[in-house]
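This briefing concerns the sheet, the nonpolar cores and the overall composition of one protein chain. Please examine the sequence and structure shown below before reading the points that follow.

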Amino acid sequence: MLPEQIKEDGNISFRILLPSRDIGAIIGRKGVTINSIREDSEAKIKISSSDSDNGTYYREVVLTGSIKQVVAASHLIASRLEENTAEEGEDVRLEVLFPNSITGAVIGRSGETIKELRSKTNTQILISHEVLFGSTDRSICVSGTAGDIKECVRYLAAILHENPTKGNNIPFRVNSPHHMHLQRAGRMMHPGSSPPRRTIPNSGFAKGNPGPSANDTMAVQKEFIGCVIGKNGIKIRQIRDLSQAQIRISSPSDEPNRTISISGTPDAVSTAKYLINYQINNELKKSP
């Protein structure tokens, strides 16, 4: 069950993952926006550095202070993201990092707590089934309006404060030295870490950083196309978002294979192929 009363003076560290492309909206020109968020919320805010050499597509934002301060800071961040996507009219999404040993308190017995949390805050909440790559953290993705997310974060912060971490905790690091393909695959494979609905244009290279283009095709048996596309297209959107490649799948036919055409930078094409194969291999493991 959710806490009936929240002690807002309890101190916590609350960790959020944001796509690198959204960080500029949070920091603002010459740091004006982030300084304003710090001043208005009175929370300490630390943003991880970018490491383009390791393919960092996400940045970690750590909010430290009382529950009241952390909730205020997260609300200001969500509000800024909401303003940034106003034209699209889409929900804001925050991905929260939670120690695996505490996640059970969010889910509750038979899922009662998370159902109550969804109902009370009017948010969509997805929790990764497994820990994130190289860590003991799981991701909790919260989607909704900035106001709804504020209420959800209040409860999550209270749960975090009331439930001390058990055992050895290994935090997820976005700048870990692991191969970027593994990092991207590990992030993609968790339902909680699905990319925001507002995806970047699939230009094949990062905006403002044009590079050489590449093209490739993959012949995939049609019985495996479903696992590549995913329910309502969620997996193929993840692959496009994480690889930044353009991906097209041929229409169904009587042929045994479907053709997947991939274009973008050599790195984008390579990453897309890796993630597609990753999906297929995981599907094969389920086969008797």
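Six strands (DSSP runs of E, at least two residues, numbered from the N terminus) make up an open sheet ordered E2-E3-E1-E4-E6-E5, with antiparallel pairing; two strands pair if DSSP finds at least two bridges between them. The model is predicted: local features need pLDDT of at least 70 and side-chain atom pairs count only at pLDDT 80 or more, whereas totals for chains, interfaces and linings use all residues. Residues are numbered from 1 along each chain as its sequence is written, and side-chain values use heavy atoms, with hydrogens and water left out.

**Sheet**
- Strands E2 (44-47) and E5 (124-127) stand at the edges with a single partner strand each, so one side of each lacks a neighbour in the sheet.
- Strand E4 (residues 92-99) runs antiparallel to strand E6 (residues 137-144), and eight bridges join them.
- Arg93 lies opposite Ser143 in E6.

**Nonpolar cores**
- A nonpolar core is a set of buried Ala, Val, Leu, Ile, Met, Phe, Trp, Tyr and Cys residues joined through side-chain atoms within 4.5 Å.
- The largest one has 44 residues, of which Phe14, Leu18, Val61, Leu63, Phe98, Ile140 and Leu156 touch the most other members.
- Helix H6 (residues 146-162) contributes the most to this core, with ten residues; helices are DSSP runs of H or I, at least four residues.
- A second, separate core of 26 residues includes Ile239 and Ile276.

**Whole chain**
- The protein chain has ten helices and nine strands.
- Of its 288 residues, 49% count as buried, meaning under 20% relative accessible area with a 1.4 Å probe, protein chains only.

Terms used: Buried < 20%, exposed > 50% of the residue type's maximum accessible area, 1.4 Å probe, protein only.
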